[in-house]
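Q: Please take a close look at one part of this structure, namely its salt bridges. I would like to know where the partners lie and whether they are buried or exposed.

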Amino acid sequence: MTSGNNGASTPEDDDPFGYLYADGQANGAQPPSGGGGYGYPGSVNRVRSVGQRQYGQPQQAAPPIPQQQGAYGQPNAHYAAPETLPGGAATTQQPSYSGGSGSGRGGGPNTKGLLIGAIAVVAAVVIGISVAMLGGDKDKDKADGKADSTPTQSQQSSAPSPSNSNSQAAKEDLPTIDAKALALGGSAAIASDIKGAKADGGIYVSGFNQVGSSVTWTVSDIPKSGKYSVYVGYSVPGKDQNATLTVNGTASDSPVDLKNWSGGPEGDYEKGWTKTYNWIQLNKGTNTIKVSCEQGNQCDALLDQMWLVKGWVDS
């Protein structure tokens with residue numbers, strides 16, 4: 001079998017690279033140039049749009065297909081290869097628009113709408129929290145108001161603290177007694193040589209610093225049974241002292257505190273005058289109140305007066 005040129009009867013018989021061989025060149029094969037075909041002279045134009053090649057029929061150049069403008073941002077349905085256009089000029093494809101400004105053009109997300117939706121959600125959450133907090137405060141205020149409107153009761157101690165005030169307590173027309181009218185016991189005696197006693201004539205009880213010494217007040221005309229406070233006027237020589245209180249034959253658990261409330265110097269009775277008090281329960285009518293020096297007491301004190309105040313006072 002020898003090589004030769006039998007002609008180009010079909011496109012398949014054309015050798016597009018015939019110009020590269022000596023026999024092809026001898027038969028007139030040429031490299032491609034311009035917009036025509038390449039290979040042997042008279043060979044068919046191999047560049048065609050899809051479906052336009054018809055075999056067995058005379059070959060004609062396909063007319064250029066005009067490019068139609070499609071929808072914005074969409075590929076052209078009638079797009080033809082650039083090589084099929086006259087001159088083989090390439091065309092530039094329009095880029096698709098993908099803006100996201102929410103204008104409705106392109107395929108991007110609507111960021112403005114998303115931002116508005118997010119702000120609305122945050123605002124709703126903040127409003128809900130604020131309403132819940134306000135409701136909680138109202139409930140708390142209601143609870144506090146209910147608690148405040150309910151009176152509370154505090155139980156009074158049976159052991160009052162003595163007063164360090166030198167002011168005269170309100171007597172409320174209840175009995176008062178001076179030292180000279182008290183019933184004395186033990187080594188207790190009447191004296192008046194130390195100044196400062198408030199009893200009539202400056203009289204006070206001395207000799208109270210011995211165990212067994214006492215003063216007793218039999219008080220009558222108590223208007224009704226109940227709580228009272230008994231005051232004792234006294235002086236100490238710059239040192240704290242104490243005594244025992246007995247009401248209607250029953251000794252109190254709380255001592256009579258004869259402290260140096262006035263702050264007088266040690267050994268100076270004249271500057272040690274002050275008063276103290278105890279809470280007691282009295283019966284209507286007559287009662288006995290006794291202040292005594294018992295074992296364990298420190299009784300170096302002068303006593304000048306005793307008086308009653310209704311109720312349990314705190315000063």
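A: The following account takes the salt bridges in turn and then turns briefly to a surface patch. The model is a predicted one. The structure holds two salt bridges.

One of them joins the side chains of Lys180 and Asp200, with a distance of 3.2 Å from N to O. This pair connects distant parts of the chain, 20 residues apart. Lys180 is found in the loop between strand E1 (176-178) and strand E2 (183-185), while Asp200 is found in the loop between strand E3 (189-191) and strand E4 (204-206). Lys180 has a relative accessibility of 48% and therefore counts as partly exposed. Asp200 is likewise partly exposed, because its relative accessible area is 48%.

In the other salt bridge, the side chains of Glu266 and Lys239 meet at 3.1 Å, N to O. Glu266 lies in the loop between strand E9 (256-258) and strand E10 (273-282), and Lys239 lies in the loop between strand E6 (226-235) and strand E7 (241-247), so this pair ties together parts that are 27 residues apart in sequence. Glu266 is classed as exposed because its relative accessible area is 60%; the label applies to values over 50%. Lys239, at 43% relative accessibility, counts as partly exposed.

A nonpolar patch on the surface is formed by Val121, Val125, Ile129 and Met133, which together have about 390 Å² of accessible area. Of these residues, Met133 is placed in helix H2 (residues 111-149). Met133 counts as exposed because its relative accessibility is 54%.

Technical notes. Residues are numbered from 1 along each chain as its sequence is written. This is a predicted model: local features need pLDDT of at least 70, side-chain atom pairs count only at pLDDT 80 or more; totals for chains, interfaces and linings use all residues. Side-chain values use heavy atoms; hydrogens and water are left out. Patches are made of residues with over 30% relative accessible area and no salt bridge: like charges are joined within 9 Å, nonpolar side chains (Val, Leu, Ile, Met, Phe, Trp, Tyr) within 5 Å. Accessible areas come from the Shrake-Rupley method with a 1.4 Å probe; for residues, only the protein chains shown count as cover. A salt bridge is a side-chain nitrogen of Lys or Arg within 4 Å of a carboxyl oxygen of Asp or Glu. Helices (H or I, at least four residues) and strands (E, at least two) are DSSP runs, numbered from the N terminus. Buried means under 20% relative accessible area, exposed over 50%, partly exposed in between (1.4 Å probe, protein chains only).
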